[in-house]
Amino acid sequence: MNATTMKMSSSAIRDLKPSELPQIVMPRCEARPVLRGQTAIVTGASSGIGRAIAIAMGAAGANVVVNHVGSDEPALAAVDEVTNCGCPSRGQAIAVRADVSDESQVQAMFATARERFGAVDIVVNNAGLQQDAAIEDMTLAQWRKVLDVNLTGQFLCAREAIREWKRRGPRPEVSCAAGKLLCISSVHEVIPWAGHVNYAASKGGVMLMMKSIAQEVAPWRIRVNSICPGAIRTPINRDAWATDEAYADLMRLIPYKRIGEPDDVARLAVWLASDEADYVTGASLFVDGGMTLYPGFEAGG
Ligand code: BGC
């Protein structure tokens, strides 16, 4: 491309209104086997972000435990997708049902992973849910359920993983680090969210739990990081994108002017779990199209 065509195309883009920009999304990446020989447990992997991460990690060469709590079919479909993705270095996959907020079920899941694949190298703390209500109407059961799954569930899986990684140390044949823990947090670890105090409190808790664990275990070459998604097209927030009106409203909160796709998060998860990110620990990485840039200030303040 010469300077003239560059100038023409950039001025053409400048003339477009944001709403006229094409909705270009990166295709699912050509997987490089950066996780070859490793085993990943992905919690809540039968749908949404967890499913995309499980598939992407499998394509990158990891053996994957697809954790789920509901019916078997969606989890088995995710397993099938890993097994048949066609990537030459793809790993194997199994579905394991376990409620992450239950200590003995978490321990049994790790035991199954070790029996089947020999070791666990990567844990993705993804299982999470919302039970929204105005503060005056929020029941103790709603508060507890969200904190139990989103925060205590992440603690139980983190503890189990770190026990194994401290005991075992690095496996240099597959990774520089003894283990990699990825906590799926949210933009709401920093953005307050009216009507969702249980959810925002759980994600604020994940932020300092993650950073405190990262500080504690770094000398054992264990890396601990969070991914903080913004609005990603999944069942959890269907109301925010399923109609044209809702989607237009949502775009007011997203400077990049498109909703996130589960693969946007999955690509970051594969990189963070790989040795390409070996010097990254204790970080909250936002994948949010700029939602945390205070878009309300675009024309104010
Ligand atoms: C929530 C979604 C929400 C997004 C942005 C996520 O953590 O689960 O429901 O759309 O944050 O507000």
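Reader: What makes β1 and β4 a pair, and in which sense do they run?

Author: In this predicted model, β1 and β4 are joined in the parallel sense over 3 bridges. Two strands count as paired if at least two bridges are found between them, so the 3 bridges between β1 and β4 satisfy that requirement. In one of these places, A40 has I122 in β4 as its bridge partner.

Reader: How do you know that β1 also pairs with β2, and which residue stands opposite T39?

Author: Strand β1 (residues 39–42) and strand β2 (residues 63–68) share 4 bridges in the parallel sense, and because at least two are needed, they count as a pair. Opposite T39 stands N63 in β2.

Reader: What is the partner of β4 among the strands that follow, and over how many bridges do they pair?

Author: β4 pairs with strand β5 (residues 179–184) in the parallel sense over 4 bridges, and V124 stands opposite L182 in β5.

Reader: Why are β3 and β7 said to stand at the edges of the sheet?

Author: The open sheet has 7 strands in the order β3-β2-β1-β4-β5-β6-β7, with parallel pairing. β3 (93–97) and β7 each have a single partner strand, so one side of each is left without a neighbour in the sheet. From one strand to the next, the twist averages 20°.

Reader: Which way do the residues of β4 point, and are they buried or exposed?

Author: In strand β4 (residues 122–125), I122 and V124 point one way, while V123 and N125 point the other way, and all are buried. In general, the side chains of a regular strand alternate between the two faces of the sheet.

Reader: Why is G70 called exposed?

Author: G70 has 11 other C-beta atoms within 10 Å, and since a residue with 12 or fewer counts as exposed, G70 is therefore placed in that class. G70 is located in the loop between β2 and α3, and its C-alpha atom is separated by 9.1 Å from that of D99, with the two residues 29 apart along the chain. Helix α3 (residues 72–83) lies across β2 and β3 and runs at about 160° to β3.

Reader: What makes R221 and Y294 worth a remark on phi?

Author: Most residues other than glycine have a negative phi. R221, however, has a positive phi near 60°, and Y294 has a positive phi of about 50° although it is not a glycine. R221 is found in the loop between α6 (197–217) and β6 (222–229), whereas Y294 is in the segment after β7 (284–287).

Reader: Why is R221 called partly exposed, and why does Y294 count as exposed?

Author: R221 has 18 other C-beta atoms within 10 Å; because buried begins at 20 and exposed ends at 12, the value of R221 falls in between and is called partly exposed. Y294 has 12 C-beta neighbours inside 10 Å, and because 12 or fewer is the condition, Y294 counts as exposed.

Reader: What surrounds the ligand, and how many residues of its shell are charged?

Author: The ligand is surrounded by Q130, S186, V187, H188, G230, A231, I236, N237 and A240. The residues of this shell divide into 4 nonpolar, 5 polar and no charged. Gly counts as polar, so G230 belongs to the polar group.

Reader: What is the mean pLDDT of the protein chain, and where is the pLDDT below 50?

Author: The mean pLDDT of the protein chain is 93, and 93% of its residues reach 70 or more. Over residues 1–8, however, the pLDDT is below 50, and this stretch has 1 contact in the model beyond near neighbours in sequence.

Note on methods. Residues numbered from 1 in each chain as written. Predicted model: local features only at pLDDT ≥ 70, side-chain atom pairs only at ≥ 80, totals over all residues. Near = placed C-beta within 6 Å. Axes fitted to C-alpha atoms, helices over the stretch in contact; angles between N-to-C directions. Contact = placed C-beta atoms within 7 Å. pLDDT = per-residue confidence, 0-100.
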